[in-house]
Structure formats: C-alpha cells, structure tokens
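Student: I would like to learn how to read a surface and a ligand site in a model that is new to me. Could you take me through it step by step?

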Amino acid sequence: MDSVMTSLAILLSTTLMYSTPLIFTSLGGVFSENSGVVNIGLEGMMTIGAFVGATVAVFTGNPWMAFIGAGVAGGLFALLHAIASISFNANQVISGIAINFLAPGIAIFMSKMLFDGSTMTPSIPLDQKMPRYLNGLLPSGFLDTVFNTYATTYLAFIFVAIAWFVLYKTRFGLRIRAVGEHPRAADTLGINVHKVRYICVILSGVLAGFGGASMSLAIVSTFRPTLVSGQGFIALAAMIFGKWKPQGAMLASLLFGFANGLVVFLGSPAIGINISEHLLSMIPYLITLFVLIFFVGQANGPAANGEIYEKGER
Amino acid sequence: MKKFRINEQLLYTLLSIILGFLVGAVILSIAGFNPIEAYSVMIQGVIGKPRFIAWTIVYATPLILTGLSVAFAFRTGLFNIGAEGQYIIGSMAAVLVGYFFDGPAIIHIPLAIIAGCLAGALWAAVAGLLKAKFGINEVISTIMLNWTALYLSNFVTTIDGFRLPNSEASYSIKETASIGISFLKPLVGTAKVNWGIVIAIIAAILVYYIIFKTTLGYELRAVGYNKHAAEYGGINVNKSIVISMAIAGGLAGLAGVTQVLGVSHKITILAAAEGYGFDGMAVSLIGANSPFGVLLAGLLFGGLKYGGSKLQTIGAPPEVVSIVIGSIIYFIAASSIVKILINKFKVKGGRKNG
Amino acid sequence: MTTTKANVDFSHKVVEMKSITKKFGDFIANDNIDLTVHRGEVHALLGENGAGKSTLMNILYGLYTPTDGKIFIEGKEAVIDNPNKAIALGIGMVHQHFMLVPPFTVAENIILGMEPMKTFKQVDMDKAIADVKAISEKYGLYVDPKARVMDITVGMQQRVEILKALYRGAEILILDEPTAVLTPQEIKELIEIIRNLTKEGKTIILITHKLKEIKEAADYCTIIRRGKRIDTVDVSQTDENQLASMMVGREVTFKVDKNDAIYGDTVLKIEDLKAKDNRGLFALNGLDLEVRRGEILGIAGVDGNGQSELVEVITGLKKAESGSVMINGKEIVNTNPRNIMDSGISNIPEDRQKHGLVLDFTVSENMILQNYKKERFSKNGKLLDSNIRQFADELINKFDVRPQNNALKARALSGGNQQKVIIAREVTNDPDLLIATQPTRGLDVGAIEFVHKSLIEQRDKGKGVLLVSFELDEIMSVSDRIAVIYEGKIVGIVDAKDANENQLGLMMAGGGK
Amino acid sequence: ETPAEEPAAEETAAESLKISMVTDVGGVKDQSFNQSAWEGLEKAKADLGIEIGYIESKQDADYEPNLETLVDGENDLIWGVGFKMADAILAAAGNYPEQKYAIIDNDYGDATPDNVLGVLFKEEEPSYLVGLIAGKMTQSNKIGFIGGMDVPVINRFRFGFLAGVKAANPDAVVDVQFVNAFNDPAKGKAVANQMYASGVDIIFHAAGDSGNGAIEAAKEQNKWVIGVDRDQNDLAPDNVITSAVKRVDNAMFNVAKELKDGNFAGGTTIVFGLAEGGVDIAPTTSKNVPADILEFVEAEKQKIINKEITVPGTEEAFNSMN
Ligand SMILES: Nc1ncnc2c1ncn2[C@@H]1O[C@H](COP(=O)(O)OP(=O)(O)OP(=O)(O)O)[C@@H](O)[C@H]1O
Ligand SMILES: Nc1ncnc2c1ncn2[C@@H]1O[C@H](COP(=O)(O)OP(=O)(O)OP(=O)(O)O)[C@@H](O)[C@H]1O
Ligand SMILES: [Mg+2]
Ligand SMILES: [Mg+2]
C-alpha cells in the first residue's frame, strides 16, 4: 500500500513538473490563436524566456525579477512576430518559423558573450530559484512529494483560471474571440482588430517566456541550448489538442506530463518491466495520438486563425 | 505579366537575403567582431577551394530534399512539420537494407533508396490517414510522429546484430550500397561527394513536374486550395491528403537516404532530432515553395551551415548563422517591409513608376 | 403597393454625401458621387455588380476613407474614418456579407463592442439578454437572444444584424442587399420592418438588385453605373423598366423568352429518398421526383425544407439513408461524385466560392475542374497545357467572361464573372441533367438575363434542367413545371403556365394543393 | 582569438606548436567533458606556450568537415573529443597521413594508424571508489545509479560502481535506471525524484547534462548525489558528496607535453587509470565524507593502482566477479 502511494505521489509530482512549462506556453498559444494569429514561434519564445530568466537570476539573484524578465523577453520576440504578421501581412507560419531560428540563435549567442563562451548559464543556487512556498510545511510523504513544488506550478494553474475568466467572462475576452472568428465583423463594430491581436500575440510571447523560465528557474537551474528542445511544439500541439481553450490546453498538458511521468515510472527497476527504454520513451507521443483518435478527433480552431486581416479589404 | 511576378518574388528574396546578412553584421559588430572579416572567412570557407564547394553541396543535399518535402506539402495545403521524423525513418530503412542485403551495387543501391523513400512515405502517410480519417490536424500528429520516429530508430539501432558492439551506432552499410563518388577525389579531395545531389536535382524536377504538369498534381493542389470545390469536382479528398503526405514523406525519407548512403553510412542513437526537417522548413520558405527555389535555397543554407562553422576559426560564434537565417525568413515573411524599402530606394533613385 | 413618402421629413437632410470619389489604386470605384437622404426616407441604391454601391456605403460607415469629397450628417460636416465614429453619429449598417460571429449567441453578437459591464470588466450577460429582448420587442424583431447564430436561419440572422444597429441607437440604417439571401416570406417581413422603422423616424438606405423591392419599399432611388451617379428618381414616378435601363445603360427584357417545352424521356428519377441533415435529423422524408428531357423543373420552397440535401444527395456529396436516384435508368445513389458526374449530371452549386471554384486556380484550371482526366486535357496523367488554355479561351469567348484572360486567378474575377465561369464549365460538360441551385443570387439584371438564357438553351437542346431557387419569380418565369418542396417531400407539382403566386406560396407554407 | 588561417601563424609555426580540438555536439563550455578537454588545452597554452583552438560540432555530420577545417588551419595535432568521432578521425587520418590526430575515449586496437593516438580512461576505477563511498554511507541500504544511455562508456561507470558498492556493503541494493538521453535534465530529475521517494539515499549519475537534473533533485530534497566527469561539487556543495572524475584535461595536457618533447605515441592507445592520474575521485570529497571512509577508499585506491584489485567495466566482468 505504502509503495503504491509513493508511486502515485511520484507520478503526480512528475506530471506536475512536466506539465508546468507546457501549460504556460500552451496558454500563450490559446491567446494568440484565439485572436487569429497562428504562433509556431512559441518554441523560440520559450527558449529566449528560459535564457533570459536564467541570466537575470544569475545577475540579480532575484527569481521573480528573472521570471518577469523572461516574460519581457518572450514578449519582445512575440512583438517581432506581431509586427510582421499583423502590420506587415506576413504569413504567420513563416514569421513564426523565423522566430524559431532567431530566438535560440540570439539566446546562445548572448550566452557566449555574457558567460565567457559558455552555451550554458551558471547554475543558480537553490535559494535563488523559484520559491517553494510549501517547503517544510507539509508532512513528509504523499503530500510533500506532490505539493512541495515550485511556485511556477501553482502560478500556471492560477493563470489557467485567469485565462479562462478573461476569455469567457470579460469584455476583452469576448472581443478576442470575435476578432479570431470574424475580424471584419469586429471591425465593423468599432473594435480595433490590430490592437487586440497585438495584445494577444505579445501576451502569448510573455506566457511562452514564463514557460521557458519555469524550466530554467524551477525544474533545473541553468539555461542550456537543449533545455527547451521541442517543448514549444508540444505546447502548440497541446493547445490544438485542447481545442484552443485554456482548460483544454491545461488538460492536454497534464496528459502529456502524465505520460512522461509514466515513462519514468515504468522505467523504474521496481516495476521490473523489461522493455527497451527507447520503446518506453515513445509512450507520451503514442498516447497523445491515441487520445486524439479515440476521444478528441477533429478539432477546428477559430475561423479566422492564420488569416491576415487588412482594414478596408474584403 | 506572370514573368514579372516571378522576378519580383526573386527580387524580394534576394533583398531579404541581403538584409539578413546585414542583421548578422550588426550582431557581429556589437559582439566586437569585424563583420567584413567574418563574412570573408565564411565566403572563403565556402567557395575558396573546390573541396569547400563540394562540402557545401554535401551539406545542402539533405536540406534540399527535406525542403522539397515541406514545399510539396505546402503546395497541397498541408503543413509538414514531420519531415524530421520522415528523415529519420528513411535513414533507418536505408541503413537496414544497406547492411543486411547482399548483392551487386546495381541492385543494392536502388533497393536501399526505394526502401528509405518508401519508409518515409509510409511514416508520413500515417499523419495523412489520421487527418483524412479522423480529422486530426497534421501539425499535432507529425510532431508526435517525429519523436516516435526518433525513439524507434534508436530502438532499432540497439537491436543485437545491427548495433556495432560497444558503440552507439549501427553497423555501416556494405560498400555495394554506398553512393559516394570517388572519381572526383583529385578535384575535391576528401569531401564526401556523393550522388545525393543528383538525386535531389531529379527530385526537384519531378516535384515540379508532378505539381504543375500532371493530373495528380492538379488534384492535390485543388484539394490544398479548396477541398470543398475539389470534392464537388469529383476528387477524392481523403485519398489526396494521404497521397500528398506520402509524397512529402518520401522526399524527406530520400533526404535520409542520401545522407546515410552518401555520407554517414550508418545510423546512431540520437539524443534529439538533428534538425534536418526543421531546416527543411526554412529552405522551403526561402525557396518560396518552388522546386527550383528550394534547390537554390538549399545550397544557400548548406553554405551558411558549412561556412558558419568556419567563423569559429576567428572566434566568432557560429550562432550568427541561425540569426542570419532567421532574419532572412523574417524579411521574406514580411516582404511588405522589403517592398517599402524598395519603394524608398526607388523614390530616391528617381525611378518611381506608378 | 408603392409607398407614399408618408414618413419623409423633407426639411431634414440626414445624410449628404458630396462629390465622393474613391480610388483603389488606379481604379475609380466611386466617381464624384452625390447623395442626399432625408429623415424618414427609404432611399434605394441601384446599380450593376461592381457599380460601387457597397463602396459608397462603406465610406459612409467609416470602413473606407474617401479619396475625395465631404460628408454631412444632420447638416454638420463629419469625418468618418472608423466605424466607431459612424456609430456615434447614429449610423448603422447591415453588410452585404453578414458580419456575425457564428459561434456567438445572438445577444453576444448584438452587444459586441458595446458590452454592458459588471465588476472586473466582466460582461453582464443578464443585462445584455434583457436589453436585447427589450429592443427586439420594441421594433417587433423577434429573436432568441440565447441561440447561437450558426444555428439560426438566415432570416433570423438578418434580424440580428438589424438589431445590432438599433442597439447602437442607429437613426440611419444602411441595408446592403438585405434580401439577397431571404425567402419570399422573409422578404415580406423585412419590408414590413422597414416601414415600421421609418415610422419611428429612422432613415433607411437600401441596396438591392430587385426592382420589385425598390418599387415596394423605397421612396427615392439613386442609380449608379460604373462608379458614377446617373440619377436620383422618385420611385413612384418610374417603373421597373426605366430603372433597369438606367442601371445598365440599355434596354432590358424581363420576360424570359422561351418556347413551349418538348418533353422527352425521363432523365432523373428519384424514389422514396431519405436523408439526414448535418444535425442528424431527417431532411428528406421519402421524396419522389422525376425530371424529363427538354424541361426545366423548378423546385420551389422555403429555405431549409431539404433543397440543399436533395442536391447534395443527387451529386453524391451526401449519403442517403434509403431510396433510389436513377439517371437515365441507372442507379447512382450513394456512389461517388465522380461516378455521378460521369453518368451525366452537371451542377451549378449554390455557394460558388466554396463549392464551385478553386479561387486560387487560374480561370483555365477552373474550367477543367471535373474534366482534367478527359482525353482532351490529359494524357497518361500528364496535363496538356495548350489544349487546356485553348479550351478555356473558347469558353471565355463564348460565355463572355471578363476580363478575357485565362491565366487570371478566379479570385480576381467579380462575382458575376465567377458565376459565368461555372456556368460555362457545367454547360459545356454537355450533361443529360443540369442542376442549378440559386444560380442568380447576388447577380445584377444583365447577368441574370444571361444565366436564364443559358438554362433555357440547355433545355432546348433536349437536356433536363433542375432549378432550385428561393425566388418565386425566377422559378415561375424560367421553369416549365414547378415542384413544391415542403419538409423533405414534394407536396405538389404544377405546370408553370397554370401556376399562380398565391397557390404556390400556400403550398410552400405546407398548405393544401 | 586564435586566427587559424592567418599567415602570421604559419611563420611562427616553426617554434610554436598548435593544437586544436573538435568538440562533440555538446559545445566547448558544456561544464562537462568538452570543457574539461578545453581546460587541458588552456593549461598547455599557459604552461607550454602552445597555440590552441577549437571548433564546435552541431550534429554528427559536422565531424569530418570540422576536422578538415582544422587541417586547413595548419595544426600540429588535432583532437577529436569523444568516441562518436572515431570513424571521422579514422577517415581523416587516412586522408591526411601527415597530420597527427588524437581521440578521447576510443581505442582502434591493432587498426590504429600511425598518425593517430587513442586515449582511454578507466571510468570503472573511480566509479568503484565512489561505489565504496556510497556503500559505506548509505543508511537505507538503497542506492541509485542513473545512466544516460545503455552504452559501453556508461556501463563502465555502472559496473565499476556496482562492484564498489558490493565490496563495501553487500547488503545494499542498487537501482539502475537510464534516462535515455544525455541532454534531458528534466527527466534526469524525475528519475532521481522517483529513486529518492522509493527510499534511495545516494545516487550516482553518469548521464551528462541529464544528470544535472539528478543533482537538482538532490539539492531540493537534500539528499546525496555523486557527480561525474568533473568535480561537480560546485553545483550543490552540500549534496554532491564526491564525483567520479575523468581528467580529460590531464590527458590532453600530457599528450601536448609529449608532443612538444617529440614523443608523440602515434599508433597506440594510452589508457589513463588511477595509476596514470587520468581518473580519480573529486578533491572535495573530504568535505562531506567522514575521514574513516576516506581512509578506506584511499587504501582501496592503492590496491587498484597496485593491481591487487581489477575493477570490472562490463556486465560479463562484473558477473564473473561474484
Ligand atoms: N493551430 C495551428 N497552429 C499552427 N498551424 C496550424 C494550426 N492549425 C492549422 N494550422 C495549419 O493550417 C492548415 C489548415 O488547418 P486545418 O488542418 O485545420 O485545415 P482544414 O483541413 O482546411 O480544415 P478543416 O478540416 O478543419 O475544415 C494546416 O494544414 C496547418 O498547416
Ligand atoms: N478593397 C477593394 N480593393 C480593390 N477594389 C475594390 C475594393 N472594394 C471594391 N473594389 C472594386 O470596386 C468596385 C465596386 O465594388 P462594390 O463592392 O462597391 O460594388 P457593388 O456595387 O456593391 O457591387 P455588388 O452589386 O456586386 O455588390 C468593384 O469593381 C470592386 O471590384
Ligand atoms: Mg457583391
Ligand atoms: Mg455590394
């Protein structure tokens, strides 16, 4: 019984660890794409966020400043994406791919400049990482294993709630969705389509930056070039999987995190499954595909997602 | 009329490339390097000797093919993020045939090529099928299939009898499966020139032909542009999606084939994707999704990658290359920025034509 | 029938547009146009497709900025450079293409941009719904505020559009082709609504191609041709022929010239056909129908009685639950579109941009959409480019598609010319049965004349023609026999010569024969 | 900094030697293997006045062209850092018979060309020593080993470690789990967390960057962890009790020195074990490990050096040890 609880606790805590960056970043995708701008650049925005987060932490020792710095950095690259795809009618996919080359390139370049040629930032001491507010408050065992985790994890869930509230309960949310579904209709009602889209795209970069920072400031304590490697794309998939909804994106992220936890769990010698770890590693991706086939099926995004909107065109 | 448009496109692309290099120059100067020196090291390093040019072509070959893969899918309304995985599967299949099959080169080589191409095609067809049957967005499915391919290839690499003992690699392919070119050695020295580039050029011509000159291409494009009208016109939309993905996957698989039969001769356990598919997206975009554009863009990209590594001989970070490529794509995406710049230039030059 | 100008307050100029010019690049869409509208007036704008009507109104609504000219509202000069300003000036617009967000509810659509609020910038949905109910009762425009727009009929959507404007306190209401997509019943209701609104002192600018509606609803009519204002006339002093010839610049005949039908063999035979709609409800409930060679069979009916499903099942885009569809005696039900086409059916689809054309294909590529595999156009899977271009040029000439350029993308053509491309292609297929659904929707009278001629030509060649239209006038003037569809069944068939509007209207509403 | 193609370099080439290295895909400052190699070269520059340089690889396909770029840069010796470069070095050595090469972590055996020097480390030896420490210090008698991938180098660490634990504490069990990646610290952390939760109190990782996640887990949970390749105590001073250090820097420096003295041992493979100072446990070990245990370990170390103990580096050797 005890070992079952331990396993469960570990599975849950691993799930939370893996899901956190995905939740942040997929929420970013939710905002951007609900306003009608496809954001393939999440990967790059996450990377620059992870780098700036770690770097600010190294120089200031303040994790929250670092976290905010990561958001700003992600937001700046999102601004680039916004300028191209909103003001200059760029193909949004192409502009996003450009970001995916630019942001990691600049992150590593700057790392080399700032840290004497190193592509890895110096390690941040434990007390300068993201705080764990419940550390030491919980009885050791199940509760401690699961809930004694970094503030970023809790923040991610709070953000899901906020995002849900903003999108579905507020005036701004109504307008975001209107702009994503039918920008021209919104325009004829005096809603500034470009402004709404700018805000949402920048917000998506900020959230992706947070996602990156939640890796480099909490899961580990350094930035390195391979840290993000593909998480941005997984977050993109989670957003689509979650049908462009905050709660859906969260559930998809959790599923993915859980599947990753499962890989670790099944790989443990205690379980004693004698399967190649290469095959085990496929689990999260296969689970995602199966869930898509059997439970989710067709997902349609906002109607105007990916479309350029020019005022005065038809 | 049409001709003018193509030239215009070419003009924007060229200007974007120049602007991309300018951004790189600014970054280099900020970091304290002389951009002129850096770029001349790069250019020297790419065209300075026949051997360098040969290496550039070696680098470009798989990128042209993954670029064609992405471009083909784009042309038919699909977004193939999965070229990476298809590349991996193609490599794996080609090495399996290259190692296990016994026979003369004349059979062995085509067999390995077909195996890799077919494997990539089947792998991608899965994504096509998922889209056709269940409406699953190919963006998600190909991302998932990329990772699955990576681990599958790793798994296969470690199978007893295929794994080279005490290594992270498989056995190498037999000599009869190699597509290396040895007679150029006096000219290009040790560069690993191979027939891959010829395969890539043939593939580009074929892609052009299929897309624009055949009924199949007509169907695939119709579905890509407007599947409802295509269906009205009696085209089987689901079948088209699957075929389209399969062809794209075959091209990416072919990229893997040329790399393993021509350059590496084996597969290794990969910690992460090597980026051939993602670079292919860039190549396809720089090449404006046109087969011949992709050919040139692949060479440019190959040159940047190979020449970029030489930046390190003056201590400059090769990441400048990513920044240059990113900027080029950015300017291509936002070509109206470039248009504005051109118009400014025209006004200044007093050649404004309304 | 003609309005009496009873509600017009001539002392009160609400809208004055002076010398408005609008250029798109080198193209002049509006050329020095003047327009004056009084309070309480219904002012119609009439003109061919592309004459510049929507452009002029988009300028008034602040969506386009004029290249030149001035606008006065209530006598004061106004610079209207965005819709917010228009809204503030009491201008509301119902656009030609609906500006509704389909997944939103009716109430959400109406309040969008002027949302009632609670704390934390929350939208006060309860108040929104109450507000919507209140104004919908005030103007007699009944809607369900909680229904999703994508689930309601086009007529309802039209009401939502009008309510949107009224919710914003519009005094001047622009209606851009509001009846193009409405059923006859809905059109009647709309005209009633327009009358009520003018009684309330609202001013209406109405764009329509339907001269009958102008006669029924408008007080004055301004005619625009190729961007220029031709004249403004008192509607009660003109007739439809005069309006039409002013609009196109030549005489137009409304009477469709045709000889009596020479009925031949049965080409299409449908028996006990059942099919479900997209929501899974039965839309066809055992429908029987027969079309013979040499006739135009018109299907009359109110939208949503199974017309779309009928056409989709015949053309193979939808699976039937049961029943039989035979073409020339050959069963084709539930085979595939390709097989059905090859059996001799051609189709002019209802939604020309969604189903009829690949907008990013060139005109010549569109011309071979179903025929690319025919011997003339391809050989062993290779397209024969020069044959294709030659074929396209033939059709372009024969059907007067403008501009005459086979390499142009279909997207670049006007709606009327897009329709010509489809008709050219479908007719040239030389089908045994030609199906046409709403073939003249949104077209001007000149274009309509052309379409009707083409259909009759097919009939005279001994083909069967199945015409589906919501416009009773069209059905009555073009068809030889008229079948009335109601709730998925044919409830009666009459000879067009014996048909009268009242009888058909009754049958369409489910009343006896 | 180190202009490879400048004519000035050529002129001075007569007096000053030049040595460059090609990194594997980790990059030169990877806080691990490549960095250690580079530090060796930097020491050679400082102490021996040798010119140095490097070139980073981004993917496997870069090895050959990068090695060639260094040939063009007129180097006296070119290093390949890591066994992944084995084929590339072999090919290059054939193409440029006049050029001297050396490779870390590979032994070509009888096929070693005359212009190539192989360098191997006995990873199992320091692993044995840290295994002894783990065996002595565990309180739960549950110990963990986290490997990057199931590959020979990592198995040398693994079986050396297992042998050490067994020697010091036959009752202790060692949980072995692979991350299946050398660059996935998140997974490394998850695996470590799982081990700690199941009662493991000391983990030895040989998982490259993934292992940094294990160290992170130890820090958070305040458990013990054993570092690898270099002294990783700086990453978590209270938690990294020792490290199985691979002195790639020493090896590279030694070879540089030999080269300068004209004693380049081409055609052979040098094995660096405890005896040669090529591997060791971290100097910081004394901070967290009690003196008596240290003494015991020191004694065992001498036995290995004196060849009284042979440490197993493969599964077969380990099993036949009993
Ligand atoms: N959320 C997304 N993020 C990035 N790219 C996307 C996203 N959704 C779609 N795309 C891209 O846009 C293209 C169109 O998407 P989708 O597959 O939903 O279109 P569709 O098949 O035409 O629509 P549907 O089948 O839902 O009617 C895809 O091929 C893909 O390239
Ligand atoms: N945004 C635009 N850019 C370029 N040309 C335009 C634009 N909008 C309209 N036009 C052109 O201006 C002309 C007038 O268009 P407009 O939509 O006003 O016509 P309309 O009279 O409303 O026609 P319809 O009866 O078909 O609705 C057309 O030739 C159209 O192609
Ligand atoms: Mg129109
Ligand atoms: Mg109009």
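Tutor: Let us begin with a single residue, bearing in mind that this is a predicted model. A:Phe147 has a relative accessible area of 35%, and because partly exposed covers the range between 20% and 50%, A:Phe147 counts as partly exposed.

Student: Where is A:Phe147 placed, and which residues form a nonpolar patch with A:Phe147 on the surface?

Tutor: A:Phe147 lies in helix H5 of chain A, and the patch on the surface joins A:Phe147 with A:Leu143, A:Tyr154, A:Ile158 and A:Ile162, which together have about 420 Å² of accessible area. Two or more of its residues come from each of helix H5 (142–147) and helix H6 (151–169) of chain A, with H6(A) giving the largest share, 3 residues.

Student: Turning to the ligand, how many residues surround ligand 1, and why is the site described as shared between chains?

Tutor: There are 15 residues around ligand 1, with A:Glu33, A:Asn300, B:Lys131, B:Glu138 and B:Lys227 the closest; the site is shared because the surrounding residues come from chains A and B. Helix H10 (231–241) of chain A and helix H6 (138–157) of chain B each contribute at least two residues to this shell, whose residues comprise 7 nonpolar, 4 polar and 4 charged.

Student: Which side chain has an N or O atom 2.4 Å from an oxygen atom of ligand 1?

Tutor: That side chain belongs to B:Glu138, while an N or O atom in the side chain of B:Lys227 is 2.5 Å from an oxygen atom of the ligand. Taken alone, ligand 1 exposes 610 Å², of which the protein buries 69%.

Methods
Residues numbered from 1 in each chain as written. Chains lettered and ligands numbered in written order. Predicted model: local features only at pLDDT ≥ 70, side-chain atom pairs only at ≥ 80, totals over all residues. Heavy atoms only, no water. Near = heavy atom within 4 Å. Polar contact = N/O pair within 3.5 Å; in protein donor to acceptor, adjacent residues only side chain to side chain. Areas by Shrake-Rupley, 256 points an atom, 1.4 Å probe, with all protein chains shown as cover. Helix = DSSP H or I, 4+ residues; strand = E, 2+ residues; numbered from the N terminus. Nonpolar A, V, L, I, M, F, W, Y, C, P; charged D, E, K, R; others polar. Patch = residues over 30% accessible without salt bridge, like charges linked within 9 Å, V, L, I, M, F, W, Y side chains within 5 Å. Salt bridge = Lys/Arg side-chain N within 4 Å of Asp/Glu carboxyl O. Buried < 20%, exposed > 50% of the residue type's maximum accessible area, 1.4 Å probe, protein only.
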